Amino acid sequence: MSNNIVLIGMPGAGKSTLGVVLAKVLGYDFLDCDLLIQKFEGRTLQQIIDLEGTSGFLSVENRVLSGIDCKRTVVSTGGSAVYSPEAMEHLGSIGKVVFIKVPYAELENRLGSLKERGVVMKEGIGNDLRLLFEERAPLYEKYADITVDVEDSNIQEAVNQLVTAVRAVGF
């Protein structure tokens with residue numbers, strides 16, 4: 001293991017925002033996987049989804065995430081990373097996976113339209129946040145080494161919770 005902290009959770013859970021602050025507090029590097037995918041592909045997440053469909057995007061995401069090689073880094077994944085068992089196995093092998101848990105009602109308040117966020121919606125889900133939440137929640141739980149519930153927390157409170165949780169396991 002390379003002492004990385006891998007953040008997973010729903011779109012709007014705060015993985016990138018909290019990840020940047022957590023990295024600063026711990027003196028770690030920060031890696032945003034959505035930006036990494038865009039860099040490798042030379043196009044936005046939404047462009048990848050529009051041109052290649054959900055399965056094409058998941059294939060790209062799996063390939064990029066499975067190739068991550070870093071040390072002492074807070075890694076913020078996209079919400080759909082949990083659809084790729086190979087990528088999640090790799091991420092789990094290079095660090096501790098932390099599920100940033102936010103209740104549905106809070107996510108609904110935080111998110112505007114999912115359409116412009118580059119959110120992967122499986123067949124039949126359409127743009128239904130509730131269905132997406134219900135489908136992904138068990139996957140986040142499955143892959144998480146640590147779950148941090150940030151319900152009703154501001155950024156500083158949530159970062160403090162994350163710091164406490166990761167230090168409890170040796171970071």
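**Exercise 1. Which residue in strand 3 stands opposite Asp32?**

Solution. The model is predicted.
- Start with the pairing: strand 2 and strand 3 (residues 73-76) run parallel and share four bridges.
- Now find the partner: Asp32 faces Ser76 of strand 3.

**Exercise 2. Work out the strand order of the open sheet, and say which strands stand at its edges.**

Solution.
- The sheet has five strands in the order 2-3-1-4-5, and their pairing is parallel.
- Strand 2 (29-32) and strand 5 (146-149) are the edges; each has a single partner strand, so one side of each lacks a neighbour in the sheet.
- On average, neighbouring strands are turned by 25 degrees against each other, direction ignored.

**Exercise 3. Identify the strands touched by helix 4 and by helix 7.**

Solution.
- Helix 4 (residues 85-94) packs on the sheet and touches strand 1 (4-8) and strand 4 (95-101). Its direction makes about 115 degrees with that of strand 4.
- Helix 7 (residues 155-168) also packs on the sheet, touching strand 1, strand 4 and strand 5. Its direction makes about 160 degrees with that of strand 5.

**Exercise 4. Explain why Cys33 and Cys70 are not bonded to each other.**

Solution.
- The sulfur closest to that of Cys33 belongs to Cys70, at 8.2 Å.
- A disulfide needs the sulfur atoms within 2.5 Å, so 8.2 Å is too far for a bond.
- Check burial: Cys33 is buried at 1% relative accessibility, and Cys70 is buried at 13%.
- A search of the whole structure agrees: zero disulfides.

**Exercise 5. Locate the residues that touch the most other members of the largest nonpolar core.**

Solution.
- The core holds 58 residues; Ile5, Ile8, Leu65 and Ile68 touch the most other members.
- Helix 3 (residues 45-66) gives the most to this core, with eight residues.
- Take Leu65: leaving out residues up to four places away in sequence, its contacts are Cys33, Ile37, Thr77, Ala81, Ala87, His90 and Leu91.

**Exercise 6. Classify the aromatic pairs Tyr28–Phe171 and Tyr104–Phe133.**

Solution.
- The structure holds three aromatic pairs.
- Tyr28 and Phe171 are 6.4 Å apart, centre to centre, with 55 degrees between the planes; the pair is tilted.
- Tyr28 sits in the loop between helix 1 (15-26) and strand 2, while Phe171 is in the segment after helix 7, 143 residues apart.
- Tyr28 is buried at 11% relative accessible area, and Phe171 is buried at 19%.
- Tyr104 and Phe133 have ring centres 5.7 Å apart and planes at 65 degrees, so this pair is edge-to-face.
- Tyr104 belongs to helix 5 (residues 104-110) and Phe133 to helix 6 (residues 129-143), so the pair ties together parts 29 residues apart in sequence.

Key
Residues are numbered from 1 along each chain as its sequence is written. This is a predicted model: local features need pLDDT of at least 70, side-chain atom pairs count only at pLDDT 80 or more; totals for chains, interfaces and linings use all residues. Side-chain values use heavy atoms; hydrogens and water are left out. Two strands pair if DSSP finds at least two bridges between them. Helices (H or I, at least four residues) and strands (E, at least two) are DSSP runs, numbered from the N terminus. Axes are lines fitted to C-alpha atoms, for helices over the stretch in contact, and angles run from 0 to 180 degrees between N-to-C directions. Contact means heavy atoms within 4.5 Å. Buried means under 20% relative accessible area, exposed over 50%, partly exposed in between (1.4 Å probe, protein chains only). A nonpolar core is a set of buried Ala, Val, Leu, Ile, Met, Phe, Trp, Tyr and Cys residues joined through side-chain atoms within 4.5 Å. Rings of Phe, Tyr and Trp (its six-membered ring) pair if their centres lie within 6.5 Å; planes under 30 degrees apart count as stacked, over 60 as edge-to-face and the rest as tilted.
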